[in-house]
Amino acid sequence: MAENDEATPTLYVFAVSHYCEKARWALDYLGIDYGLRHLSPGPHVEATRELRAPGSSLPLLIVGESPVQGSGAILDWAESRSAAAGGAKRLSPEPGLAAECSALERRLDVVAGVHARRYYYSEALVEHPETVLPIFLS
């Protein structure tokens, strides 16, 4: 894996993952430059180990030598980085609603996210492998 520098973090994602998309959209919205690397499910475990991530889940943002793992942690990092750089955009609508927004985000991850992933893996992978397998193997 290529070395990363502080100026340009690298975001490691699955091609199809709402968790990965959430992290990518936050970085894009806040105007943070980053490199994008797609990993396939399964082989991603070895890649995350090589990147010294604490776990094997994606999304994973590598900032210099430091891993930031999970969409929620990446959103927090991105908002802090944007604020430190003087960015005017925020992910939460106003500071007073930050805790409420974080709670809603966690609930959507745990409830809606789990069911969306379960549906995708159990239905789409079984019913339409010709369209799903190329995405997994990209």
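This briefing covers the pockets, one buried glutamine and the cysteines of the structure above. The structure is a predicted model. Its largest pocket holds about 350 Å³ of space, and the second largest holds about 230 Å³. Glutamine 69 is buried, and a search of the whole structure finds zero disulfides.

**Largest pocket**

- The largest pocket encloses about 350 Å³ of space.
- Its lining comprises 16 residues, and those closest to the centre are Lys22, Leu75, Cys101, Ser102 and Glu105.
- Two or more lining residues come from each of α1 (18–29), α3 (71–84) and α4 (98–127).
- Helix α4 makes the greatest contribution to this lining, with eight residues.
- Sorted by class, the lining of the largest pocket contains seven nonpolar, four polar and five charged residues.

**Second largest pocket**

- The second largest pocket encloses about 230 Å³ of space.
- It has 13 lining residues, with Val16, Ser17, His18, Arg117 and Tyr121 nearest its centre.
- At least two residues of this lining are supplied by α1, and at least two by α4.
- Here too α4 gives the most, with four residues of the lining of the second largest pocket.
- Seven nonpolar residues, five polar residues and one charged residue make up this lining.

**Glutamine 69**

- Glutamine 69 belongs to strand β4, which spans residues 66–69.
- This residue counts as buried because its relative accessible area, 17%, falls under the 20% cut-off.
- Its side chain reaches two backbone atoms: the nitrogen of glycine 55 at 3.0 Å, and the oxygen of serine 57 at 2.7 Å.
- Apart from neighbours within four places in sequence, glutamine 69 is in contact with Ala53, Pro54, Gly55, Ser56, Ser57, Pro59 and Leu60.
- Glycine 55 and serine 57, whose backbone atoms the side chain reaches, are thus also among the contacts of glutamine 69.

**Cysteines**

- A disulfide is a covalent bond between the sulfur atoms of two cysteines.
- Zero disulfides are found in a search of the whole structure.
- Cysteine 20 is buried because its relative accessibility is 0%, which is under 20%.
- Cysteine 101 is partly exposed because its relative accessible area of 29% lies between the 20% and 50% cut-offs.
- Cys101 is also one of the residues closest to the centre of the largest pocket.

Methods:
Residues numbered from 1 in each chain as written. Predicted model: local features only at pLDDT ≥ 70, side-chain atom pairs only at ≥ 80, totals over all residues. Heavy atoms only, no water. 1 Å grid on protein atoms, 1.4 Å probe; cavity = no way out; pocket = protein on both sides within 12 Å on 5 of 7 lines; lining within 4 Å. Points joined across faces, edges and corners; volume = space filled by probe spheres on them. Nonpolar A, V, L, I, M, F, W, Y, C, P; charged D, E, K, R; others polar. Buried < 20%, exposed > 50% of the residue type's maximum accessible area, 1.4 Å probe, protein only. Polar contact = N/O pair within 3.5 Å; in protein donor to acceptor, adjacent residues only side chain to side chain. Contact = heavy atoms within 4.5 Å. Disulfide = S-S within 2.5 Å.
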